[in-house]
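Please walk me through this model in the viewer, one selection at a time. Say what to pick and what is there.

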2 protein chains.
Amino acid sequence: MNQRIEPRILKGFRDFLPAQESRRKAVQTVLEQVFRRYGFLPIDTPVLEYTDVLLGKGGGETDKQIYRFEDNGGRDVSMRFDLTVPFARYMAQHRAELYLPFKRYHIAKVFRGENTQRGRYREFTQCDFDIVGVDCASADFEILLLMVRSLQALGVREFRIHLSHRGIFNRFLETLGVGDRAGEVLRVVDKIKKSGEEAVREELTQLLDLQRAAQVLMFITADGSPAEVLTSLVALAGHDDGDTGRLEAVLRACAAVGIADHVRLDPSITRGLDYYTGIVYETFLDRAPEIGSVCSGGRYNDLASLYTKEQLPGVGSSIGLDRLLTALEELGQHDAEPAAVDVLVLAFDSGDMGHYHALAEQLRNAGFSAEVYPETRKLAAQFSFAARKGIPVAVICGPEERDSGVVTVKDLATRANYDGLTPQNAVETVRRIIGR
Amino acid sequence: MNQRIEPRILKGFRDFLPAQESRRKAVQTVLEQVFRRYGFLPIDTPVLEYTDVLLGKGGGETDKQIYRFEDNGGRDVSMRFDLTVPFARYMAQHRAELYLPFKRYHIAKVFRGENTQRGRYREFTQCDFDIVGVDCASADFEILLLMVRSLQALGVREFRIHLSHRGIFNRFLETLGVGDRAGEVLRVVDKIKKSGEEAVREELTQLLDLQRAAQVLMFITADGSPAEVLTSLVALAGHDDGDTGRLEAVLRACAAVGIADHVRLDPSITRGLDYYTGIVYETFLDRAPEIGSVCSGGRYNDLASLYTKEQLPGVGSSIGLDRLLTALEELGQHDAEPAAVDVLVLAFDSGDMGHYHALAEQLRNAGFSAEVYPETRKLAAQFSFAARKGIPVAVICGPEERDSGVVTVKDLATRANYDGLTPQNAVETVRRIIGR
């Protein structure tokens with residue numbers, strides 16, 4: 001009749017099976033609980049926006065990574081490629097309805113037509129949290145604290161947040177007399193984690209004279225405790241309340257709250273992006289450094305300048321949920337998979353269907369998840385379904401049991417049967433088997 | 001410098017402010033808990049798919065409602081316009097990885113370029129739940145039960161699920177000798193809730209002779225208890241195990257589980273969509289019938305025929321989250337807005353910033369959400385921020401209190417102060433004020 005179509009999805013896009021999606025949702029729930037505990041509130045914005053709003057006028061005309069098209073009303077529209085630009089637009093548009101400092105989180109899908117060969121996805125989930133409206137050490141520290149607590153809440157113990165300050169680096173380049181070449185130097189320095197010190201030294205000597213190249217290298221490779229690194233930086237770049245002083249205040253707070261072990265001062269962290277102006281963060285897992293940073297961000301001093309003349313300073317960070325899930329898997333850091341469903345009520349006689357559902361309701365009212373096998377198929381088929389879905393307990397109610405008002409509870413792991421139970425005793429038995 | 005761009009969003013799309021988004025998330029969380037308690041598991045699919053997969057080959061070539069475009073790789077792609085078609089594709093594609101009966105839920109955004117003048121959105125959230133792989137009364141009933149429990153879990157008490165069976169109606173039209181005009185008759189009958197009985201009678205008499213028009217009207221307006229309506233239907237259409245028998249079984253289960261009060265047998269319910277073949281459901285709120293059905297669905301006997309020759313019968317229903325939220329608002333059915341954040345730690349001295357954050361951590365460890373005011377602004381500004389964000393309690397730690405290791409807790413509603421408290425006593429005081 002109709003011509004069949006091959007069921008397939010676009011390259012770089014994914015379906016999620018129930019076990020995967022449950023895991024994603026569980027991670028998301030943990031993160032949201034942490035965010036809310038720190039006073040961050042959720043927002044949402046559209047998947048589709050005017051292209052000029054997302055890219056600026058004429059900007060990105062040639063950007064192949066953007067899903068951009070003309071809608072049926074002739075509008076030039078694009079799918080969002082990050083959550084930062086829509087947030088900037090949102091702050092400018094809703095400024096009158098919001099109060100400052102404004103703390104929001106946003107967990108949502110973004111879309112980029114990236115080359116999928118490097119294991120990148122074209123649809124992926126970002127998880128952003130920001131504090132907008134203040135420029136102070138307390139906010140810089142709170143984002144750092146939230147990064148630490150988010151990972152800890154997911155069971156990650158061994159990680160370091162590398163932080164630095166874009167302002168110090170820029171000031172240092174000014175004192176070297178190469179402030180006009182900051183952009184080029186930044187791009188070279190940004191490669192040190194991937195390409196190593198020697199490659200960066202070589203590239204720097206092509207940009208700067210030997211002495212200055214050596215000083216830049218000394219700056220970005222300063223090592224030791226945060227205090228020692230800070231001393232090196234002040235020696236090279238001088239002290240300034242706005243940058244080295246800011247870092248000192250953040251580091252003191254780390255000590256006061258007891259998270260100093262997770263924090264490294266690392267002057268090689270610069271973040272590629274132009275809009276960062278202050279502290280910058282990247283997060284590496286001790287046992288999976290090759291994954292790269294799982295949570296990155298920093299301070300920007302003018303979030304929404306594209307849309308409003310009001311200056312909105314902010315600081316924030318972003319977790320790449322897909323990369324983080326990959327990391328958790330590699331580390332074996334997943335909690336044991338909880339059973340999808342606790343109890344399966346077996347079906348013997350379709351005439352008793354209402355009774356099975358009433359039994360299942362009693363179990364649900366006691367706090368269990370339960371389902372009724374819908375058809376009266378052979379018991380072997382019903383048990384095999386339970387095994388396939390990972391259901392640990394069966395409730396059995398044959399015609400005679402039904403007449404006597406009792407049921408049998410079967411522990412599907414040990415195959416032990418507990419028969420002649422009233423529904424109330426059945427609930428207790430299920431509780432004992434499941435252990436909660 | 002750069003040319004400013006007006007911050008704006010596309011017509012039919014929406015931003016969500018924190019209070020709205022919190023409410024949406026709360027409703028979604030409640031629904032997900034109910035679904036999981038019934039053994040339904042989450043899945044997800046891409047926002048963007050191949051157009052032929054979503055529309056069939058050449059299908060919908062002129063469909064103005066679809067967001068369709070050519071991506072940078074020259075592929076013909078479209079944004080999903082519902083969750084049913086992607087689910088059909090998903091079942092066909094992942095059949096080998098899944099087991100039957102398969103019960104899934106899917107809460108996600110869908111996109112339609114609809115006319116926004118009727119208060120419709122172009123981006124909206126659907127919430128679908130289905131049982132695939134069985135054709136039996138137990139599954140038909142379970143979806144009905146889940147519809148009831150979902151609404152009850154959201155605090156809705158006064159609602160009726162109207163159900164009918166497409167098969168009975170078709171069989172009835174066959175016996176009238178007008179089976180070939182079923183489509184036209186269905187479309188007329190579908191208008192009865194909106195246009196009323198007289199308008200439908202008039203339209204029917206244009207389609208059929210007077211006697212048959214009268215019989216159709218008698219069929220669809222059969223009234224009374226489910227048993228009475230069923231008797232009328234059997235009188236008009238005859239009895240058949242497959243349809244009237246199926247409805248009897250579902251109604252018996254409703255009585256057994258105690259949800260019969262929420263269920264009406266209503267033969268005028270036919271659902272416009274062609275793919276329904278068995279039971280069909282629509283849900284109306286007693287106190288807001290004008291909103292229309294907030295949860296609708298039915299049985300289809302061949303979900304994935306576009307993609308596979310395996311026949312996959314199923315039954316499911318869909319909640320329009322946006323319409324439901326509107327309804328809950330109209331009914332004043334929202335739970336009292338919970339405080340966004342429990343405690344604000346005030347800031348006096350930027351040098352004590354680490355101490356403020358450590359105090360906030362103690363409150364969070366005790367189960368409260370807490371935040372530190374980031375800057376040392378005037379107390380009036382900090383209190384006004386607390387009021388704006390709806391924070392009920394402040395913790396105050398001035399320089400002398402800091403030295404003595406104590407704090408003051410302030411109930412911001414009554415303005416009562418509790419001073420000289422150790423952090424542990426402060427936690428107890430906060431607990432007493434907040435009442436948990």
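The tour below starts with a whole chain, moves to the contact between chains, and ends at single residues.

**Whole chain A**

The model is predicted. Start with chain A alone and colour by secondary structure: the chain has 16 helices and 16 strands. Turn the chain along its principal axes, where the C-alpha atoms fill a box of roughly 95 × 55 × 45 Å. The radius of gyration of chain A is 28 Å, against a value near 22 Å for a compact globule of 436 residues. Next, colour by burial; 46% of the 436 residues of chain A count as buried. If you draw contacts in chain A between residues at least 6 apart in sequence, 66% of them join residues at least 24 apart.

**The two domains of chain A**

Select residues 18-45 together with 80-330 for domain 1 of chain A, then 343-434 for domain 2. Place a centre on the C-alpha atoms of each domain: the two centres lie 52 Å apart.

**Where chain A meets chain B**

Bring chain B back into view. Each chain puts residues into the contact, 92 from chain A and 92 from chain B. Which helix gives the most to the side of chain A that touches chain B? Select residues 353-365 of chain A: this is helix α13, and it gives seven residues. Coloured by class, the side of chain A that touches chain B shows 47 nonpolar, 17 polar and 28 charged residues.

Stay on helix α13 of chain A and pick R364(A), which is placed there. Leaving out residues up to four places away in sequence, R364(A) touches S369(A), A370(A) and, across in chain B, R37(B). R364(A) counts as partly exposed because it has 19 C-beta neighbours inside 10 Å, and 20 would be needed for a buried residue. For a distance check, pick G332(A) as well: it is 32 residues from R364(A) along the chain, and their C-alpha atoms are separated by 32 Å.

**The α10 and α11 pair**

Select residues 226-237 and 241-257 of chain A, which are helices α10 and α11. They pack at an angle of about 175 degrees, with their axes 11 Å apart. The angle makes α10(A) roughly antiparallel to α11(A), because angles over 145 degrees count that way. Show side chains at the contact: α10(A) brings P226(A), L230(A), L233(A) and V234(A), while α11(A) brings T244(A), L247(A), E248(A) and L251(A). By class these are six nonpolar, one polar and one charged.

Now make the matching selection in chain B. Helices α10 and α11 of chain B pack at about 175 degrees, and their axes are 11 Å apart. So α10(B) is roughly antiparallel to α11(B). Here P226(B), L230(B), L233(B) and V234(B) meet T244(B), L247(B), E248(B) and L251(B). The contact of α10(B) with α11(B) has six nonpolar, one polar and one charged residues.

**Helix α5 of chain B**

Select residues 166-175 of chain B. In this helix, α5, the buried residues are R166(B), G167(B), I168(B), F169(B), F172(B) and L173(B). Add what they pack against, all in chain B: the strands β7 (159-165) and β9 (279-285), and the helices α6 (182-189), α9 (210-220), α10 and α11. Then step just past the end of α5(B) to G177(B), which takes a positive phi of about 80 degrees.

**Backbone details to check**

Go to the loop between α3 (84-94) and β5 (102-111) of chain A, where P101(A) is placed. The peptide bond from L100(A) to P101(A) is cis, with omega near -10 degrees. In chain B, P101(B) lies in the loop between α3 and β5. A cis peptide bond joins L100(B) and P101(B), with omega about -10 degrees.

The last stop is the loop between β15 (407-411) and β16 (417-421) of chain A, which holds R415(A). What is notable about phi of R415(A)? Phi is near 65 degrees, a positive value in a residue other than glycine. Is R415(A) buried or exposed? R415(A) is exposed, because 8 other C-beta atoms lie within 10 Å. In chain B, R415(B) lies in the loop between β15 and β16. Phi of R415(B) is near 65 degrees, and R415(B) is exposed, with 8 other C-beta atoms within 10 Å.

Technical notes:
Residues numbered from 1 in each chain as written. Chains lettered and ligands numbered in written order. Predicted model: local features only at pLDDT ≥ 70, side-chain atom pairs only at ≥ 80, totals over all residues. Axes fitted to C-alpha atoms, helices over the stretch in contact; angles between N-to-C directions. Helix = DSSP H or I, 4+ residues; strand = E, 2+ residues; numbered from the N terminus. Parallel < 35°, antiparallel > 145°, perpendicular 65-115°, else oblique. Contact = placed C-beta atoms within 7 Å. Nonpolar A, V, L, I, M, F, W, Y, C, P; charged D, E, K, R; others polar. Domains from an automatic or database assignment. Rg over C-alpha atoms; globule rule 2.2 N^0.38 Å. Buried ≥ 20, exposed ≤ 12 C-beta atoms within 10 Å, placed from the backbone.
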